[in-house]
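Please look through the sequence and the 3D structure below before reading on. The paragraphs that follow go from one strand to its partners, then to several loops, and end with the chain as a whole.

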Amino acid sequence: MEECKITSLYNLKETIASKIFDGATYPWEVLPKIGKFIIELGNSLDINEYDLKGENIWIAKSATISETAYIKGPAIIGKNAEIRHCAFIRGNVIIGENSVVGNSTELKNVILFNKVQVPHYNYVGDSILGYKAHMGAGSITSNVKSDKTLVKVKNEIEEIETGLKKFGAMIGDEVEIGCGSVLNPGTVIGKKSNIYPLSSVRKIIPPNSIYKNQNEIVEKTY
């Protein structure tokens, strides 16, 4: 499944976490490694650029953090990132440079590349969001199947056993997720695709696509 590979989804120059992907083929392979990686990376960060706040929480001096935000480590918050009112960062989180984590947004075991926006009432768990990805208000990742079985990544022909019980979505660079959408466990969205508001998305969405519903996915012509 070429469209699901790290090289197809992400520009690794746009994340402080690029080394976590070394040796991996598919991005979800790194989900169990995020916490340990943050601690190793955090301890190597320049103390002139990052402050150590609490246990295993590194915050760039140029980041803006609301007093009402809750941050649990391990976590790294990158340069010029903005963490807004009542954001809930639950641990194992890397927030890229110039990213926005907004009002009442909850993050858990995620990597946000640079310039990601999750600005309004989003839940993002066990997921990776590529450069300039944007989640509209109220859109969420669903990271556990209702029957609690292990997540598979599927297209119309093939499927990959991930071995993971918790797996939200792999969202490629410059993807736009419409307001109120749900990304079901094991969703993969290719670069520069758009998801219509109020969508329930599953399986693999090709790059440069417009997702209207599961039966209507069209290629962009612009």
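The model shown here is predicted. A good place to start is strand S12, which covers residues 123–129. Seven of the seven residues of S12 are buried, so this strand is largely enclosed by the rest of the structure. A residue counts as buried when its relative accessible area is under 20%.

Which strands pair with S12? One of them is strand S10, residues 106–112, which runs parallel to S12 and is joined to it over six bridges. To find this pairing in the model, look for Lys-108, which stands opposite Gly-125 in S12. Another partner is strand S17, residues 169–171, which also pairs with S12 in the parallel sense, here over two bridges. In this second pairing, Ile-128 has Met-170 of S17 as its bridge partner. S12 therefore has parallel pairings with S10 and with S17, and it is largely enclosed. When looking at any strand, it helps to know a general pattern. In a regular strand, side chains alternate between the two faces of the sheet.

A further set of strands can be followed in the same way. Strand S6, residues 82–83, pairs with strand S9, residues 100–103, in the parallel sense over two bridges. Here Glu-82 stands opposite Val-100 in S9. S9 in turn pairs with strand S11, residues 117–120, again in the parallel sense, over three bridges. The bridge partner of Asn-103 in S11 is His-120. S9 thus has pairings with both S6 and S11.

The loops come next. Before S6 in the chain, Pro-74 lies in the loop between strand S4 (70–71) and strand S5 (75–77). The peptide bond that leads from Gly-73 to Pro-74 is cis, with omega near -5°. The loop between S5 and S6 holds Asn-80. This residue is not a glycine, yet Asn-80 has a positive phi of about 60°. Is Asn-80 buried, partly exposed or exposed? Its relative accessibility is 45%, and Asn-80 counts as partly exposed.

A positive phi of about 60° is also found at Glu-174, again a residue that is not a glycine. Glu-174 sits in the loop between S17 and strand S18 (176–177). With a relative accessible area of 35%, Glu-174 is partly exposed.

Ser-142 belongs to the loop between strand S14 (140–141) and S15. Its relative accessible area is 21%, and Ser-142 is partly exposed. Which residues does Ser-142 touch, if neighbours within four places in sequence are left aside? They are Phe-167, Gly-168, Val-182, Leu-183, Asn-184 and Pro-185. The C-alpha atoms of Ser-142 and Gly-186 are separated by 8.9 Å, although these residues are 44 residues apart along the chain.

Asn-155 is found in the loop between strand S15 (151–154) and strand S16 (159–164). Not counting residues up to four places away in sequence, Asn-155 touches Met-1, Glu-3 and Ile-204. By contrast, Asn-155 and Val-124 are 23 Å apart in space, C-alpha to C-alpha, with their positions 31 residues apart in sequence.

The last loop in this account lies between helix H1 (6–9) and helix H2 (34–42), and it contains Lys-33. Lys-33 has 43% relative accessibility and counts as partly exposed. Lys-33 and Asn-92 are 59 residues apart along the chain, and their C-alpha atoms are separated by 9.0 Å.

Now consider the whole chain. The protein chain has two helices and 25 strands. Its radius of gyration is 16 Å, close to the 17 Å that the globule rule gives for 222 residues, so the chain is as compact as a globular protein of that length. Taken along the principal axes, the C-alpha atoms fill a box of roughly 50 × 35 × 35 Å. Buried residues make up 50% of the 222 residues. Among contacts with a separation of 6 or more, 31% are between residues 24 or more positions apart.

The surface and the charges complete the description. The accessible surface of the protein chain comes to about 10300 Å², and carbon and sulfur atoms account for 47% of it. The chain has 26 positive and 25 negative charges, and the mean positions of the two groups are 3 Å apart.

Note on methods: Residues are numbered from 1 along each chain as its sequence is written. This is a predicted model: local features need pLDDT of at least 70, side-chain atom pairs count only at pLDDT 80 or more; totals for chains, interfaces and linings use all residues. Side-chain values use heavy atoms; hydrogens and water are left out. Helices (H or I, at least four residues) and strands (E, at least two) are DSSP runs, numbered from the N terminus. The radius of gyration is taken over C-alpha atoms; the globule rule is 2.2 Å times the number of residues to the power 0.38. Buried means under 20% relative accessible area, exposed over 50%, partly exposed in between (1.4 Å probe, protein chains only). Contact means heavy atoms within 4.5 Å. Accessible areas come from the Shrake-Rupley method with a 1.4 Å probe; for residues, only the protein chains shown count as cover. Lys and Arg count as positive and Asp and Glu as negative; His and the chain ends are not counted. The place of a charge is taken as NZ of Lys, CZ of Arg, CG of Asp or CD of Glu. Two strands pair if DSSP finds at least two bridges between them.
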